[in-house]
Amino acid sequence: MVGHSLVGALRTAMRWTLDFALPPRCAGCGAITADLHSFCPDCWRSIEFLGDSGCSACGIPLQATEQATCALCLARPPRIARTRAAVAYGDLSRGLAIRLKYGRKVAIARTMARYMAPLVKAPADAILVPVPLHRWRLWGRGFNQSALVARELSRQLGIDSDPLVLRRTRRTPPLKGMSALQRRKTVAGAFRLADKAAVAGRTVILVDDVLTTGSTAEACARTLRRGGAARIELVSWARVVKPSLLMR
Ligand SMILES: [Zn+2]
Ligand SMILES: [Zn+2]
C-alpha cells in the first residue's frame, strides 16, 4: 500500500515537472498557450462546442422549442438513453482524433477527456466502456484510441473504466457511404460481452472518439443491454452534426 502510494506520488511529481518544464501548447495548432490541455484563442474560436443543451436523449441540437427531448426520441426512446459529444466534427476536431489514433498521444486523450468529462452525469457505480476495435486492428496499431480517452475520463471522474468488457468479434468494413440500414446490418452481431458480471445492473457509458451515424454504438448498446446493463449512455469527443443544426 505504501509502495503504491509512493509510486503514485512520484508519478505526480514527474508529471508536474514535465508540465512545468515544457510550456503548455495548444492541442490544435501547437502554439504556446497559457493553460495546459487547452486551445489557443484562434483554435478555440474555430471549435464548435456542443455543450449539454441538445435533446436530453440523443443530444442533437434543438431548434426553437420548449421541449427538452426531440420528437424522434419522444416517439421512440433510444437504446442509448443519453448521448453527448464535446464538439462538432470539423477540421480541428478531426485533426485531434487522427493524431490520437495514429500517434498514441496521451496528452491529446487528456485534452479530449477534459472537455468530455463535464458532459458525463452518471452514478458513482457507472462503468466506462470504450467502443472496441477488432483485435487485428488492435495488433496493427497497438492500442485503441477510445480506450485511451476512457482511461483519462476514468482518472478525471473517478469512475471505473474497463476496455476488455466488450469485444469486437468480427472485423467490419468502413461504414462510410453506406445507408443507415446497410450500416446496421454490417455491425449487427459484431460485438460480444466478455464479462457480464462487470456490467450487470450498472450504468454503462460507452466512450467513442468520433460519432457519425451511431450505428456502431447502437450495436454495442444492444449487446450490453442483452448482457444485463441497466442503462447505456454514450460520450464522444466529436460528433458529425448537420451544419444547419449548429447555431452560428
Ligand atoms: Zn491553436
Ligand atoms: Zn433526441
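Student: Let's start with helix H5: how many of its residues are buried?

Tutor: Keep in mind that this is a predicted model. H5 has eleven residues and is mostly covered. Among the covered ones are Ile108, Ala109, Met112 and Tyr115. The count of buried residues in H5 is eight.

Student: Which element gives the most to the largest nonpolar core?

Tutor: That core has 35 residues, and Phe39, Met112, Met116, Leu153 and Trp237 touch the most other members. Several elements supply at least two residues each, including strand S1 (82-88), helix H4 (91-103), helix H7 (145-157) and strand S7 (231-239). The biggest contribution, six residues, comes from H5.

Student: Which residues does Phe39 contact, leaving aside neighbours within four places in sequence?

Tutor: Phe39 is one of the core residues that touch the most other members. Its contacts include Thr111 and Tyr115, both of which are buried residues of H5. The full set is Cys26, Ala27, Gly28, Thr33, Trp44, Ile47, Leu92, Leu96, Thr111, Tyr115 and Trp237.

Student: And how many residues are in the other core, the one that lies apart?

Tutor: This core is separate from the one with Phe39, and among its members are Val165, Leu175, Val187 and Phe191. Its residue count is 24.

Student: On to the metals. Which protein donors hold the zinc ion (ligand 1)?

Tutor: The donor atoms are SG sulfurs lying 2.3 Å from the ion. Along the chain the donors follow the spacing C-x2-C-x10-C-x2-C. The residues are Cys26, Cys29, Cys40 and Cys43.

Student: What arrangement do the four donor atoms make around the zinc ion (ligand 1)?

Tutor: Check the angles: the four donor atoms subtend 105 to 116°. Four donors count as tetrahedral if all angles lie between 85 and 135 degrees. The range fits, so the arrangement is tetrahedral.

Student: Is Cys29 buried, exposed or partly exposed?

Tutor: Compare another donor of that zinc first: Cys26 has a relative accessible area of 4%, so it is buried. Buried means under 20%, and exposed means over 50%. Cys29 comes in at 48%, so it counts as partly exposed.

Student: What spacing do the donors of the zinc ion (ligand 2) follow along the chain?

Tutor: The donors here are the SG atoms of Cys55, Cys58, Cys70 and Cys73, lying 2.3 Å from the ion. Angles of 103 to 115° among the four donor atoms make this site tetrahedral too, and both Cys70 and Cys73 are buried. The spacing reads C-x2-C-x11-C-x2-C.

Student: Which element supplies the largest share of the lining of the largest pocket?

Tutor: The pocket has a volume of about 1100 Å³. It is lined by 28 residues, with Cys58, Pro78, Thr213, Gly214 and Glu218 nearest its centre. Helix H3 (71-75), helix H8 (180-187), H10 and S7 each supply at least two of the lining residues. The largest share, four residues, comes from H10.

Student: Is Ser215 buried or exposed?

Tutor: Ser215 lies in helix H10, residues 215-226. Leaving aside neighbours within four places in sequence, it contacts Leu175, Arg183, Arg184 and Val187. Buried means under 20% relative accessible area. Ser215 has 9%, so it is buried.

Student: Which residues does Thr223 touch, not counting those up to four places away in sequence?

Tutor: Thr223 also lies in helix H10. At 15% relative accessibility, it counts as buried. The residues it touches are Leu166, Phe191, Arg192 and Leu193.

Student: What is the volume of the largest cavity?

Tutor: A search of the whole structure finds one cavity of 30 Å³ or more. Its lining is Arg82, Arg84, Leu119, Val120, Ile205, Glu233, Leu234 and Val235, and S7 gives the most, with three residues. The volume is about 40 Å³.

Student: Last one: among contacts between residues at least 6 apart in sequence, what percentage join residues at least 24 apart?

Tutor: For the overall picture, the protein has ten helices and seven strands. Of its 248 residues, 45% count as buried. The share of those contacts joining residues at least 24 apart is 74%.

Key. Residues are numbered from 1 along each chain as its sequence is written. Chains are lettered from A and ligands numbered from 1 in the order in which they are written. This is a predicted model: local features need pLDDT of at least 70, side-chain atom pairs count only at pLDDT 80 or more; totals for chains, interfaces and linings use all residues. Side-chain values use heavy atoms; hydrogens and water are left out. Donors are N, O and S atoms within 2.8 Å of the metal (3.2 Å for Na, K and Ca); water is not among the atoms, so sites may look incomplete. Four donors count as tetrahedral if all angles lie between 85 and 135 degrees; four count as square planar and six as octahedral if opposite donors are over 155 degrees apart and all others between 65 and 115; anything else is irregular. Buried means under 20% relative accessible area, exposed over 50%, partly exposed in between (1.4 Å probe, protein chains only). A nonpolar core is a set of buried Ala, Val, Leu, Ile, Met, Phe, Trp, Tyr and Cys residues joined through side-chain atoms within 4.5 Å. Contact means heavy atoms within 4.5 Å. On a 1 Å grid over the protein atoms alone, a cavity is a set of points where a 1.4 Å probe fits but cannot get out, and a pocket is an open set with protein on both sides within 12 Å along at least five of seven lines; lining residues have an atom within 4 Å of a point. Grid points are joined across faces, edges and corners, and a volume is the space filled by probe spheres set on the points.
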